[in-house]
Amino acid sequence: MDYSIKIGGEAGQGIQTIGDTLAHIFARAGYYVFTHQDYESRIRGGHNFYQIRISDRQITASRSSIDVLVALDLESINQHEKELSVQGHVLYDSSYLKQRFDKPNFLDIPLTELALTYGGNKIMANTVAVGAVLGMLGMNPEIMYEMIRKTFKKKGDEIVQANLKSAEAGYKFAKEKCLTCSFMVSGFEKPKMLITGNEAIGLGAIASGLQFYSAYPMTPSTGIFNFVAENAKDFGIVVEQAEDEIAAINMALGASFAGVRAMTGTSGGGFALMVEGISLAAMTETPIVIALAQRPGPATGLPTRTEQADLLFALFAGHGEFPKVIFAPGSPEQAFYLTNKAFDLAEKYQITAIILTDQYLADSQWSYLEFDLSKLKYEDYRLRGDNFRNLKEYKRHLLTETGISPLGVPGDANHLVVTDSDEHDEEGHIIEDAETRIKMVEKRLFKKLPFIKKEISPPNLYGEGNPEIVLVCWGSTYGIVREVVDELSDKFRIAMLHFSEIYPFSEDKSWLNILQNAKLILNIEQNATSQFAKLIMMETGLEIKKHINRFDGRPFTVDELKEKVYAYITGL
Amino acid sequence: MPTLQDYKGKQPAWCPGCGNFSILRAFNEAVVELGLNPYEFVIVSGIGQAGKFPHYTKCHTFNGLHGRTLPVATGIKLANSALKVFAVAGDGDCYGEGGNHLIHAIRRNIDVKLFVHDNQIYGLTKGQASPTSMKGMVTKTQPFGVFSEQFNPLAMAIALDCSFVARGFAGDIEHLKYLFKEAINHKGFSLIDILQPCVSFNKINTFEWYRQRVYRIPEEYDPYDRTKAFEKSLEWGDKIPIGILYKKEKPTFEENIPIIKEKPLVSHEPYLEKLKDLMKKFY
């Protein structure tokens, strides 16, 4: 079982509501679900879609062919009819589209009329549509009813009943009228959790003891801000919308200096404003975590679309020389655990840790049986309370063997915590002399870096253990490339080498042997200039010569990428 | 009780005769008279001659970036509301580079005390005009003189209904000490704009120039009258008022946040035990 449902229409028509409801019903029914969205930078109008794929096995990307197209506008049919699979059907309301289609696989359903008749309000049309999709698929509607009862419980019995009747009307209509529908859905399994990349970062941060989040809203990072704010009360987190991204990072640094775990999140343009703050974090050795959700640039670029073009910018962000850590998760699961690791390393080494995602990962939903909370790490590295009070002497930037100085919480002891954006001595006071300068650079950079490198995991090899063909990728392309490998692995000895802990490179370089033994290395990136391949070259001297790039703001699709990879292989 | 000896910091690298020395003395005397210990407050400073201030006294210090004192101070206050948080910056730092942050710190009414060393010139970069330089002042980078309106920090603060607005003068240490004490004891965002002659680069607004013009606001003045305060803030020229121009009692930003009301954020352990309930929301 492997079906894809696409809901298309104008912004404001309820695409998100229908899509979210369906996705949650499917996950609740125990199917594996993957969703992604394509939307324009506007609140009303335009053409947008929400795509849901369901299967009885783990899936990690969307597919190009559609089995059910819910067309809320004519544009949905114009653009997406060609994507229909052999058994594909279109669900539409001719009263919306002002047009009737005489095709056997087109089902005209009076969404508004049914909503008015059974729900007493045209707002129930979305519920009718949800019921109709389930009816077309021939899926048992019980879970849908259960979800409606749960979702609308707070709004009272009347609303619950109206929605139930609307859903049932849609369900029955589609089930009876769609004579050519021949979908086979499996029975219910254990419910799956459904989570986006943004939620996974927010969740990972909360699970790591986040206490302070300051940010300025910017697509596609705002979802993290929203998630943290929603849970701020329950988890004792202070959330502040700063006047700009410069203030956002400086507030987070202030909070971190004062002794709490702090984070900010943004996208490229906002990150550009934060750059001086990253340098400040480095000089004052103040731990901070930054989520950078990329979108296509330069400047405002394509605000609601996706790209991986800020890797080298993030790598070099901040004047001066200092260590930082960059993680680029490939899935919400990786985002969850890597956010936890980012907090741990940021505090342990008193550095900046960046979580690099993009619109595609930020907004797509993946399903899992569960996240294993026992794999999380929480260790408080700060010097607090009696431990701090009992010290005879304290120097914030004490020179040590590891380069790590005690991170005292100001106010917990009579010792003064002094730090400076100017070069400083061990106490934190301004200096100008060459000798201290050299010692401090050595401390911040050369002493810490080898320890940080030891913490970094090598890339993940997926597929053939001794591959002839290696697809090199990083970050959010993980799920797509993985499915390409799955599809080609019966014909070729192929593997994916996916990097999620991308800087610094791990000390474990055994992956270089895999690349050196391969006949074909293909580097796949969602950008124009193969930035990660440049980083590999810089760090290892290995030059990858063949690249597949996409930079139109749309994510790779499995089918398109498979064709491109196939073309390279057959051209061997 | 702390003494002035407890506040002996590093040797200042300011020019001899700089107005900053008097500000430092007034500040140290104020905190000693208030019985504050160095570990009970943090000074966040920016860049410029004023930015070096915390090194020359004794306190927790975050000497950050040019213009960014207030966001850092805001973060510190939110994380540890038990600490007293002071911000020290110059006129270029706070009114130029960090102007946006000033507007929003006043709007938030975060309980931070801002002391601006206002010498109406850029000192550390050697004599360019600042936002508070007077019209017509000729400098190396303003060869035809300053064209822009002189920035009026007090009028802007009163317009934003700032909780405490005052002006001090480095040449009147007793009065300045009184202002420091009043501001530190006040609950809410407090701004003291301190007229500080720059002996090296500002040849117009000298000690003598200020002495001829500055006068203490009389005792009968009502600082709670916003319209009168605004009027007072517009006085500049032959007569320059110093003292508390405006006061408004109102809840601080951090008082609105339930978790901070209970105890400082930094005193809370992260609530990790609730994680299992949060996970359920994803099913």
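**Entry 1: strands E5 and E6**

I began with strand E5 of chain A, residues 84-92, and found that E5(A) pairs with E6(A) in the parallel sense over 3 bridges. In this pairing I noted Val90(A), which stands opposite Phe106(A) in E6(A). The model I am reading is a predicted one. I reminded myself that strands of a sheet pair through backbone hydrogen bonds, either parallel or antiparallel.

**Entry 2: the sheet around them**

I then looked up the sheet to which E5 and E6 belong. It is an open sheet of 8 strands in chain A, and I wrote down the order as E6-E5-E4-E1-E3-E2-E14-E7. The pairing in this sheet is mixed.

Which strands stand at the edges? I found strand E6 (106-108) and strand E7 (193-196) of chain A there. Each has a single partner strand, so one side of each is left without a neighbour in the sheet. I also looked up the twist: neighbouring strands of this sheet are turned by 20° against each other on average, direction ignored.

Next I checked which strands helix H1 of chain A touches. H1(A), residues 15-28, packs on the sheet. I listed its contacts as strand E1 (2-11), strand E2 (32-38), strand E3 (45-55), strand E4 (66-71), E7 and strand E14 (365-368) of chain A. The direction of H1(A) makes about 5° with that of E3(A).

**Entry 3: a helix pair**

I turned to helix H8 (residues 197-207) and helix H14 (residues 332-349), both of chain A. They pack at an angle of about 35°, and their axes are 8 Å apart. I recorded the crossing of H8(A) and H14(A) as right-handed.

For the contact itself I listed some residues on each side. H8(A) contributes, among them, Ala200(A), Ile201(A) and Leu203(A), and these residues of H8(A) meet a set in H14(A) including Phe336(A), Tyr337(A) and Phe343(A). How many residues of each class does the contact have? I found 10 nonpolar, 4 polar and no charged residues in the contact of H8(A) with H14(A).

**Entry 4: domains of chain A**

I looked up the domain assignment of chain A. It gives domain 1 (2-177), domain 2 (196-375), domain 3 (385-455) and domain 4 (460-570). Between the centres of domain 1 and domain 3 of chain A, taken over C-alpha atoms, I noted a separation of 58 Å.

**Entry 5: where chain A touches chain B**

I counted both sides of the contact between the chains: 51 residues of chain A are in contact with 44 residues of chain B. Several elements of chain A give two or more residues to this side, including E7, H8, strand E8 (210-215) and helix H12 (268-284). Which element gives the largest share? H11(A) does, with 9 residues. By class, I recorded 30 nonpolar, 14 polar and 7 charged residues on the side of chain A that touches chain B.

I also found strand pairing across the two chains. E15(A) and strand E2 of chain B, residues 60-63, pair in the parallel sense over 3 bridges. Here Val418(A) stands opposite Thr61(B) in E2(B).

**Entry 6: strand E20 and its partners**

Is E20(A) mostly covered or mostly open? I found it mostly covered, with 5 of its 6 residues buried. On one pairing, 4 bridges join strand E17 of chain A (residues 469-474) to E20(A), and the two run parallel. Val472(A) stands opposite Asn523(A) in E20(A). On another, 4 bridges join E20(A) to strand E21 of chain A (residues 546-549), again in parallel. There I noted Ile548(A) in E21(A) as the bridge partner of Ile524(A).

**Entry 7: backbone oddities**

I searched for cis peptide bonds. One runs from Gly297(A) to Pro298(A), with omega near -5°. Pro298(A) lies in the loop between strand E11 (288-294) and helix H13 (311-316) of chain A. Another joins Tyr503(A) and Pro504(A), with omega about -5°. I placed Pro504(A) in the loop between strand E19 (501-503) and helix H19 (511-517) of chain A.

I then looked for positive phi values outside glycine. Ser530(A) has a phi of about 50°, and Ser530(A) is found in the loop between strand E20 (520-525) and helix H20 (531-540) of chain A. Why does Ser530(A) count as partly exposed? Because it has 19 C-beta neighbours inside 10 Å, and 20 or more would make a residue buried.

In chain B, phi of Asp161(B) is near 60°. I found Asp161(B) in the loop between helix H5 (153-159) and strand E5 (164-169) of chain B. Asp161(B) counts as partly exposed because it has 14 C-beta neighbours inside 10 Å.

Note on methods. Residues numbered from 1 in each chain as written. Chains lettered and ligands numbered in written order. Predicted model: local features only at pLDDT ≥ 70, side-chain atom pairs only at ≥ 80, totals over all residues. Axes fitted to C-alpha atoms, helices over the stretch in contact; angles between N-to-C directions. Left-handed = near helix turned anticlockwise from the far one by under 90°. Contact = placed C-beta atoms within 7 Å. Nonpolar A, V, L, I, M, F, W, Y, C, P; charged D, E, K, R; others polar. Pairing = 2+ DSSP bridges. Domains from an automatic or database assignment. Buried ≥ 20, exposed ≤ 12 C-beta atoms within 10 Å, placed from the backbone.
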